[in-house]
Amino acid sequence: MKQFEYTAGRAGITITGYCGNSSAVVIPESIDGMTVSAIGKKAFLSRKLLRRVILPDSVSEIGDWAFAYCEGLESVLLPSGIIRFGRSVFFECSNLKKVEIEGKRPYVAPLLAAAVRTGAYYLLDTVEAGSEEWIHKWDSRMLSVLNPPIRRDIPDRCSAVRRIMAARIWRHIRVKAERKSFAWHCLGFYIRRVCLRKMQKGLSHMWYPIQRAAQAKKAGSSF
């Protein structure tokens with residue numbers, strides 16, 4: 001496996017680097033007869049050409065910033081077993097659309113990607129992902145991004161930027177997410193309510209000067 005740099009230990013092989021130029025990388029389950037058990041720290045750091053990564057069932061640990069700054073990374077397939085994730089594994093992977101887990105329903109993949117892109121790495125749980133409790137946590141996280149707590153020491157424009165980023169992420173992933181999921185029912189109702197209020201408020205601001213002009217014209221014609 002010349003395209004992979006690795007070290008061997010008692011627990012197995014740890015991938016420490018990648019030398020290839022392929023856009024789709026399939027990490028092998030074993031190298032030189034030893035099981036690949038971990039992805040090391042910064043192993044795929046800043047691999048701009050990387051688009052898809054498939055991890056074997058043998059991987060049980062992914063180190064800090066393993067795929068950080070892989071700006072072209074769009075999808076990752078993880079095994080269904082327990083995986084220990086390091087810090088900011090997918091940091092600044094701005095094009096990440098799907099984090100798939102073997103055996104999980106398709107709608108989980110875009111939800112996990114959205115959680116990762118908003119920094120909610122505690123939701124990156126290969127075992128609990130997709131469960132009712134996990135979806136409730138996902139809802140709470142996304143609503144906190146949409147309506148962050150007000151702080152006096154932070155300018156209001158920061159909240160506005162976060163709302164815009166959250167809205168863009170949701171517009172992107174909602175098309176492929178399962179519409180019957182509990183999360184989308186909750187978020188869809190909330191978004192419709194907020195949009196309706198803003199629309200009514202905008203229309204009232206537009207209609208008020210027109211109404212005043214009509215009343216002034218009517219009053220003038222009466223004389």
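A salt bridge here is a side-chain nitrogen of Lys or Arg within 4 Å of a carboxyl oxygen of Asp or Glu. With that in hand, welcome to some close-up views of this predicted model. By this rule, the count comes to 5 salt bridges, and the legends below visit several of them, along with a helix.

**Figure 1. Glu133 and Lys137 pair up within helix H2.** The closest N and O atoms of the Glu133–Lys137 salt bridge are 4.0 Å apart. Both residues belong to helix H2 (residues 132–146), where a spacing of 4 residues puts them about one turn of the helix apart. Have a look at their surroundings too: Glu133 is exposed, at a relative accessible area of 51%, whereas Lys137 is partly exposed, at 41%.

**Figure 2. Arg52 and Glu100 join in a salt bridge.** In this view the two side chains meet with an N to O distance of 2.9 Å. Arg52 sits in strand E6 (residues 52–54) and Glu100 in strand E10 (residues 98–101), so this pair ties together parts of the chain that are 48 residues apart in sequence. Arg52 counts as partly exposed, with 26% relative accessibility. Glu100 is partly exposed as well, its relative accessible area being 22%.

**Figure 3. A salt bridge links Asp64 with Arg87.** Here the closest N and O atoms lie 3.3 Å from each other. Asp64 is found in the loop between strand E7 (61–62) and strand E8 (75–78), while Arg87 is in the loop between strand E9 (84–85) and E10; the pair therefore ties together parts that are 23 residues apart in sequence. It is worth comparing the two ends of this bridge: Asp64 is buried, at 18% relative accessibility, but Arg87 is exposed, at 51%.

**Figure 4. Helix H1 is largely enclosed by the rest of the structure.** Let us now leave the charged pairs and turn to a helix. Of the 10 residues in H1 (residues 108–117), 9 are buried, which means that the rest of the structure largely encloses this helix. If you would like to trace them one by one, the buried residues are Val108, Ala109, Pro110, Leu111, Leu112, Ala113, Ala114, Ala115 and Val116. Follow the chain just past H1 and you will meet Gly119, which takes a positive phi of about 85°.

Terms used. Residues are numbered from 1 along each chain as its sequence is written. This is a predicted model: local features need pLDDT of at least 70, side-chain atom pairs count only at pLDDT 80 or more; totals for chains, interfaces and linings use all residues. Side-chain values use heavy atoms; hydrogens and water are left out. Helices (H or I, at least four residues) and strands (E, at least two) are DSSP runs, numbered from the N terminus. Buried means under 20% relative accessible area, exposed over 50%, partly exposed in between (1.4 Å probe, protein chains only).
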